[in-house]
Amino acid sequence: RLCLNNPIQGRSAHQTKLSIILLFEFIEKNNHYWDARICVPVHDEIVMEVKEDLVPTYKDKLGFFMRKGGDFYMVSGKIKMLADAEVGDNWYSAKNG
């Protein structure tokens with residue numbers, strides 16, 4: 001069982017890392033270093049702190065970059081990654097909306 005799950009977990013880690021790279025490039029391009037911060041990437045999630053006026057922008061971009069990072073690793077091209085970004089005052093409220 002462990003051997004069968006390993007390729008899936010490895011691919012998921014690569015997808016998340018690519019998503020973080022794309023997200024950071026967007027932060028850098030827009031000079032939002034202190035306005036939007038990547039706090040914690042946990043398994044298949046990316047937790048951010050974002051100034052309130054930028055929340056709608058980063059909610060859209062985070063979901064977009066997570067889908068883009070996932071789609072890059074989909075071999076067949078027929079399957080598309082699904083990802084949503086949620087907003088909350090803390091991780092728990094965003095997770096349980």
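This passage walks through the fold, the hairpin and one buried helix residue of a predicted model. In this model, local features need pLDDT of at least 70 and side-chain atom pairs count only at pLDDT 80 or more, while totals for chains, interfaces and linings use all residues. Residues are numbered from 1 along each chain as its sequence is written, and side-chain values use heavy atoms, with hydrogens and water left out.

The protein has three helices and two strands, laid out as α-β-β-α-α from the N terminus on. Helices (H or I, at least four residues) and strands (E, at least two) are DSSP runs, numbered from the N terminus. Along the principal axes, the C-alpha atoms fill a box of roughly 45 × 30 × 20 Å. Of the 97 residues, 26% count as buried, meaning under 20% relative accessible area with a 1.4 Å probe, protein chains only.

As for the strands, strand 1 (residues 36-42) pairs with strand 2 (residues 45-50) in the antiparallel sense, over six bridges; pairing takes at least two bridges found by DSSP. One of the bridge partnerships links Ala36 to Val50 in strand 2. The two strands make a hairpin with two residues between them, and His43 in the turn has a positive phi of about 50°.

That turn residue turns up again with Thr16, which sits in helix 1 (residues 2-29) and touches His43, Asp44 and Ile46, leaving aside residues up to four places away in sequence. Contact here means heavy atoms within 4.5 Å. Thr16 counts as buried because its relative accessibility is 11%.

Methods:
Buried < 20%, exposed > 50% of the residue type's maximum accessible area, 1.4 Å probe, protein only.
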